[in-house]
Amino acid sequence: MKNLENIVELGQDEQPFVCEAPNDMKITESWTDNVKYLVVGIMFGIVFVKAEIISWFRIQEMFRLQSFHMYGVIGSAVVVGMISVFLIKKFNIKTIAGETVDFHPKKFQKGQVYGGLIFGLGWAITGACPGPIFAQIGSGYMVVIVTLLSAVAGTWVYGLLKDKLPN
């Protein structure tokens, strides 16, 4: 059964939906508060470019098992994420706004395996995953706009077919 606390009203004419990954943030931010996310995103993109994470050649090396570079980057991110979650839970670290960070349990579904395979195949073919797409476009690789539009279209199609797909 869906959690009724996560029902969001979209508008008078639209039907409410249930969010399966709720944002428990209680304090609303104005659009000007979001400038900090833009700044961090730009810095993150610069790091992606400098570390060659957006390089199609680096991604191909990874999928051909020819280089450790990308595995090292991904592995480092996983370790940093694990340590961060551990520390947040252990010391009950709060957000900048003073709110408690809640971690919701995830339930395994076999559709995640199919989705992961499709994601990996798309990543190998295009040389881009969702994070670096914007850094690639920002670096002038305009052909990646096709990848971005395809990712958006794929997400939209998934939304349409979600109830018919294996869970």
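**Helix packing and the largest pocket**

Helix 2 and helix 3 are roughly perpendicular to each other in this predicted model, since the angle between them, about 90°, lies within the range of 65 to 115 degrees that counts as roughly perpendicular. Helix 2 spans residues 56-63 and helix 3 spans residues 69-91, and their axes are 8 Å apart. On the side of helix 2 the contact is formed by Arg58, Ile59 and Met62, which meet His69, Met70, Tyr71 and Ile74 of helix 3. By class, this contact of helix 2 with helix 3 comprises 5 nonpolar residues, 1 polar residue and 1 charged residue.

A second pair, helix 1 (residues 35-50) and helix 5, packs at an angle of about 85°, with the two axes 9 Å apart. Helix 1 and helix 5 are therefore also described as roughly perpendicular to each other. Gly45, Phe48 and Val49 of helix 1 make this contact together with Gly131, Pro132 and Ala135 of helix 5; the residues concerned divide into 4 nonpolar and 2 polar, with no charged residue in the contact of helix 1 with helix 5.

Helix 5 also packs with helix 6, and here the axes come within 9 Å and cross at roughly 150°. Because angles over 145 degrees count as roughly antiparallel, helix 5 and helix 6 are assigned to that arrangement, and their crossing is left-handed. The residues that meet are Ile133, Phe134, Gln136 and Ile137 in helix 5 and Val144, Ile145, Thr147 and Leu148 in helix 6. In terms of class, the contact of helix 5 with helix 6 contains 6 nonpolar and 2 polar residues and no charged residues.

The largest pocket has a volume of about 870 Å³. Its lining consists of 24 residues, of which Gly115, Ile118, Phe119, Gly154 and Thr155 are the closest to the centre of the pocket. Two or more lining residues are given by each of helix 4 (111-126), helix 5 (130-138) and helix 6 (144-161), so that helix 5 and helix 6, described above as roughly antiparallel to each other, also both take part in the lining of the largest pocket. The largest share of this lining, 9 residues, is nevertheless that of helix 4. With respect to residue class, the lining of the largest pocket is divided into 12 nonpolar and 12 polar residues, and no charged residue is found in it.

Technical notes:
Residues are numbered from 1 along each chain as its sequence is written. This is a predicted model: local features need pLDDT of at least 70, side-chain atom pairs count only at pLDDT 80 or more; totals for chains, interfaces and linings use all residues. Side-chain values use heavy atoms; hydrogens and water are left out. On a 1 Å grid over the protein atoms alone, a cavity is a set of points where a 1.4 Å probe fits but cannot get out, and a pocket is an open set with protein on both sides within 12 Å along at least five of seven lines; lining residues have an atom within 4 Å of a point. Grid points are joined across faces, edges and corners, and a volume is the space filled by probe spheres set on the points. Helices (H or I, at least four residues) and strands (E, at least two) are DSSP runs, numbered from the N terminus. Ala, Val, Leu, Ile, Met, Phe, Trp, Tyr, Cys and Pro count as nonpolar, Asp, Glu, Lys and Arg as charged, and the others, Gly among them, as polar. Axes are lines fitted to C-alpha atoms, for helices over the stretch in contact, and angles run from 0 to 180 degrees between N-to-C directions. Angles under 35 degrees count as roughly parallel, over 145 as roughly antiparallel, 65 to 115 as roughly perpendicular and the rest as oblique. A crossing is left-handed if the near helix is turned anticlockwise from the far one by less than a right angle, and right-handed if clockwise. Contact means heavy atoms within 4.5 Å.
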